[in-house]
Amino acid sequence: MTEAHALALRGLTKRYGSFTAVDDVSLTVERGAFLTLLGPSGSGKTTILMAIAGFTAPTAGAILLDGADITALPPEKRDFGMVFQGYALFPHMTVAENVAFPLRVRGMGKAEREAKVRAALDLVQLDRFAERRPAQLSGGQQQRVALARALVFEPNLLLLDEPLSALDKKLRAELQEELRALHRRIGRTFVNVTHDQEEALSLSDQVAILNHGRLIQLGAPAALYDRPRTRFVADFLGISNFIRGRVTEARPDGFALTIGATRLVQAGAAPGAEALLSLRPEKIALLGEGETADNTVEGAITSWLYLGTGYALHVRVPDLGDLRVALPAWRAPIAPREGLTLRLGWPAEAAVPVEDDDAA
Amino acid sequence: MRRDAGWWVLLLPAFLLMTIFYLAPIAQVLAISVTEPTPGLGNYERLFTNPAVQRVIGTTLRICIITTLISLALGYVLAYVIALASPRAQRWWLLGVLVPLWISVLVRAFAWVTLLRRQGLVNQGLQGMGVIDEPLQLVWNEFGIVVGMVHYMVPYAVLPMLASMREIDPRVLAAARGLGASRFTAFTRVFLPLSAPGLAAAAVLVFIVTLGFYITPAILGGGKTLMAAEWIKLQILDLVRWGLGAMLATVMVLTILVTLAVFSRVIDLGRMFGAQR
């Protein structure tokens with residue numbers, strides 16, 4: 001097994017006329033890492049992947065593989081495996097012929113080719129289907145064939161374009177785990193594109209969040225979720241409450257924030273005269289009689305949903321508006337009903353000051 | 001059941017029209033070929049004994065095969081360019097392909113004569129540029145016939161091939177490139193096999209249509225090169241040898257049916273002519 005490769009983008013930019021699809025994106029993918037480009041449609045994530053694959057020539061910037069500039073290299077010279085959206089299997093070839101294709105175009109001998117095809121099909125548990133045509137396979141099986149085909153020639157990188165988007169929810173979860181296990185087993189560098197934040201969080205070592213062609217934040221899934229840099233990141237990854245207030249006091253371990261008659265304390269440095277906080281619903285606790293927290297507020301339930309694992313509450317709090325609160329259902333101390341008044345609390349380090357980049 | 005019967009009633013006029021004006025005359029032609037001038041297979045015997053008949057068949061097959069091959073080659077390139085063009089460009093290309101079909105065969109044949117004759121534009125142009133000293137014999141021979149027939153047949157070659165190329169997912173070509181195939185290999189290993197059904201369909205269509213060409217060879221052949229249709233007309237109208245003419249006509253109908261039968265084993269004819277499955 002050859003060693004994994006590192007990929008770097010330097011100031012990658014792609015313009016179509018006056019429209020900027022990718023705007024000065026720089027990032028590095030470590031050897032053997034699983035990077036996901038995550039963003040809504042039109043965020044430029046697919047354009048970046050196509051530029052990495054060599055199908056789209058960037059307007060400016062460079063793509064480097066282990067430090068060598070490969071920006072001008074045609075796709076067939078890059079040795080990148082790619083799983084296309086919709087898989088793009090060759091309909092006129094059997095599964096085995098599909099997987100053998102990259103080896104055949106490299107002029108590999110028959111015996112070696114057959115052994116590698118068998119190993120690749122074993123890897124994705126499709127050895128029994130070698131002689132079938134793609135049209136005779138289910139969506140999940142086609143996806144596995146596409147994976148085997150992209151991996152069989154031991155590519156420098158594996159690129160995945162929305163690999164799971166065509167599958168139903170249950171199968172998607174199953175293949176997510178398989179993909180993760182596969183990545184661990186073969187130790188190659190993977191670059192994945194998706195608009196599904198759950199998929200990005202569960203699969204990746206690193207997630208790059210993109211919006212309007214710009215890289216907003218790059219980091220490990222947990223870091224992005226717990227310490228979003230901007231409002232867009234906090235909103236796009238999971239659910240978040242946003243609290244905007246005036247900074248009224250600097251403290252040694254943080255600052256205080258005033259919203260109308262409500263005063264909140266917050267850890268971290270004050271970003272300026274005003275602060276925008278992102279507060280995750282599961283970090284808000286329901287306070288019992290006599291319990292206290294750094295921040296306590298009171299409010300009444302305006303609506304609620306039962307989700308199996310918990311309740312999603314909307315609580316109307318004076319000054320702060322509607323707060324979304326996640327309450328575990330198991331041994332919940334209250335039975336939610338509309339109008340019920342609750343005391344809520346959270347510690348000073350529960351919320352995160354974020355940059356306000358997203359007016360919508 | 002009654003609803004089905006209703007549909008059949010609607011089909012009846014077309015069915016009667018086909019039977020009375022198409023199948024019945026063909027049956028009659030078949031009958032004449034074995035009854036005139038004397039009952040028996042005497043006319044068919046000439047297929048094996050008469051050098052004139054054999055020469056006509058040989059000429060016809062040669063011209064048709066050459067025309068089919070050239071039309072397929074030109075049509076394939078054209079269909080390939082159209083299939084990969086933007087939707088807007090595709091409409092203009094298609095218009096360009098279809099417009100010649102609206103111009104009368106007769107007009108087109110005479111237009112080729114004016115272009116290709118000894119004092120025609122092509123010869124004068126080549127002489128003017130000093131490429132040739134003497135005018136080339138470009139018309140009133142097989143070359144002229146092939147030029148006129150290819151010109152007529154290219155749209156027929158483009159349409160079935162374009163239909164099958166449009167069904168090819170462009171991502172499949174990108175996938176081939178991404179997996180290490182050069183442009184050329186991606187074409188020969190992926191695009192060509194996937195467009196092969198259209199190629200076969202176009203070959204059958206073009207070959208069958210060329211077999212029956214009459215006006216184009218008559219005008220561009222100048223009476224020196226005889227193809228089957230003109231030869232049949234000569235037998236029946238000029239030499240009043242109905243039996244011989246009907247025999248060759250029957251042979252042509254059978255050739256077409258056999259060609260279709262062979263190809264229907266290989267490709268889906270219904271799909272090739274646009275029927276939905």
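The expected span of a helix is 1.5 Å times one less than its number of residues. With that rule in mind, the tour can begin; the model on display is a predicted one.

**Stop 1: chain B as a whole**

Select chain B. Its 13 helices are accompanied by zero strands, and the pattern along the sequence accordingly reads α-α-α-α-α-α-α-α-α-α-α-α-α. Taken along the principal axes, the C-alpha atoms of chain B fill a box of roughly 75 × 70 × 35 Å. Chain B has 277 residues, of which 32% count as buried. Consider next the contacts in chain B between residues at least 6 apart in sequence: 74% of them join residues at least 24 apart.

**Stop 2: helix α12 of chain B**

Select residues 242–266 of chain B, which form helix α12. This helix of 25 residues reaches 37 Å from its first C-alpha to its last, close to the 36 Å expected. Which residues of α12(B) are buried? They are G243(B), L244(B), G245(B), A246(B), M247(B), L248(B) and A249(B).

**Stop 3: helix α5 of chain B**

Move to residues 105–116 of chain B, helix α5. Its 12 residues reach 16 Å from the first C-alpha to the last, close to the 16 Å expected at 1.5 Å a residue. Colour A109(B), W112(B) and L116(B), the buried residues of α5(B). Now look down the axis of α5(B): these buried residues fall within an arc of 60 degrees, so they line one face of the helix. On the face turned away from that buried side, the exposed residues L106(B), V107(B) and T114(B) can be found. To see what covers the buried residues, display further helices of chain B, including α6 (121–128), α7 (142–166) and α10 (215–220).

**Stop 4: where the chains meet**

Show both chains together. Here 18 residues of chain A are in contact with 15 residues of chain B. On the chain A side, β6 (80–83) and α2 (95–104) each supply at least two of the touching residues. By type, the residues on this side of chain A divide into 12 nonpolar, two polar and four charged.

**Stop 5: a sheet in chain A**

Strand β6 of chain A also leads into an open sheet of six strands, in the order β6-β7-β8-β3-β9-β10, with mixed pairing. Its edge strands are β6 and β10 (214–219) of chain A, each of which pairs on one side only. From one strand to the next, the twist averages 15 degrees. Select β7 (residues 157–161) of chain A beside β6(A): the two pair in the parallel sense over four bridges. Within this pair, M82(A) stands opposite L159(A). Add helix α4 (residues 139–151) of chain A, which packs on the sheet and touches β6 and β7 of chain A. The direction of α4 makes about 170 degrees with that of β6(A).

**Stop 6: residue D319 of chain A**

Finally, centre the view on D319(A), in the loop between β17 (310–317) and β18 (321–328) of chain A. How many other C-beta atoms lie within 10 Å of D319(A)? There are 14; a residue counts as buried at 20 or more and as exposed at 12 or fewer, so D319(A) is partly exposed. Setting aside residues up to four places away in sequence, D319(A) touches I259(A), G260(A), A261(A) and T262(A). A final selection is I243(A): its C-alpha atom is separated from that of D319(A) by 9.5 Å, although the two residues are 76 residues apart along the chain.

Definitions and conventions: Residues numbered from 1 in each chain as written. Chains lettered and ligands numbered in written order. Predicted model: local features only at pLDDT ≥ 70, side-chain atom pairs only at ≥ 80, totals over all residues. Contact = placed C-beta atoms within 7 Å. Nonpolar A, V, L, I, M, F, W, Y, C, P; charged D, E, K, R; others polar. Arc of directions from axis to C-beta. Pairing = 2+ DSSP bridges. Axes fitted to C-alpha atoms, helices over the stretch in contact; angles between N-to-C directions.
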